[in-house]
Amino acid sequence: MEADPEKWRRQKKIEEFILTKERVNLRGKLRDDDISVVASALARSTTLKVLDLSNNGDRIGDAEVKLIADALLSNSNCKLQLLDLGWNNIADDGAKNLAEALCHSN
């Protein structure tokens, strides 16, 4: 299977933004497995304060929120203050995972 250069460029840009910006708006913009890139970058981010992941529907559900929660837990230097996950497909398990991560993070 050949690599998709457009997907690679988009995901590298998402990673770069999360690692270098204070505010990132990905409202309704996620595709495919972009959330894994978001989570990986969140685990290393030391500058990001605001992340809008709202309106991504089925692309963010419980499993994807677990990736985000694990990333937040693993990053002791995380500066994130606002995470918008509205209008996604997050149920009780995803909300529980996120709440636990937030309770145990800085």
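These are my notebook entries on a cavity, a helix residue and the cysteines of this structure, which is a predicted model.

**Entry 1, cavity.** I looked for enclosed space first. The count came to one cavity of 30 Å³ or more. I noted a volume of about 30 Å³ for the largest cavity. I then listed its lining and found L30, R31, D32, D33, D34, I35 and R59. Sorted by class, this lining has five charged residues, two nonpolar residues and no polar ones.

**Entry 2, E15.** I next turned to E15, which I located in helix α1, spanning residues 5–20. Is E15 buried or exposed? I read a relative accessible area of 18% for E15. Buried means under 20%, so E15 is classed as buried. I also looked up its contacts, setting aside neighbours within four places in sequence, and recorded V37, A41 and R44.

**Entry 3, cysteines.** I searched for disulfides, and the structure holds zero. C78 is in no disulfide, and the nearest cysteine sulfur to its own, that of C103, is 15 Å away. C103 is likewise in no disulfide, its nearest cysteine sulfur being that of C78 at 15 Å. A disulfide requires the two sulfur atoms to be within 2.5 Å, and therefore I do not count C78 and C103 as a pair, their sulfurs being 15 Å apart.

**Entry 4, cysteine accessibility.** I checked how accessible each of these two residues is. C78 has a relative accessible area of 21%, so I entered C78 as partly exposed. C103 stands at 64% relative accessibility, and I therefore entered C103 as exposed, the cut-off for that class being over 50%.

How values were computed. Residues are numbered from 1 along each chain as its sequence is written. This is a predicted model: local features need pLDDT of at least 70, side-chain atom pairs count only at pLDDT 80 or more; totals for chains, interfaces and linings use all residues. Side-chain values use heavy atoms; hydrogens and water are left out. On a 1 Å grid over the protein atoms alone, a cavity is a set of points where a 1.4 Å probe fits but cannot get out, and a pocket is an open set with protein on both sides within 12 Å along at least five of seven lines; lining residues have an atom within 4 Å of a point. Grid points are joined across faces, edges and corners, and a volume is the space filled by probe spheres set on the points. Ala, Val, Leu, Ile, Met, Phe, Trp, Tyr, Cys and Pro count as nonpolar, Asp, Glu, Lys and Arg as charged, and the others, Gly among them, as polar. Helices (H or I, at least four residues) and strands (E, at least two) are DSSP runs, numbered from the N terminus. Buried means under 20% relative accessible area, exposed over 50%, partly exposed in between (1.4 Å probe, protein chains only). Contact means heavy atoms within 4.5 Å.
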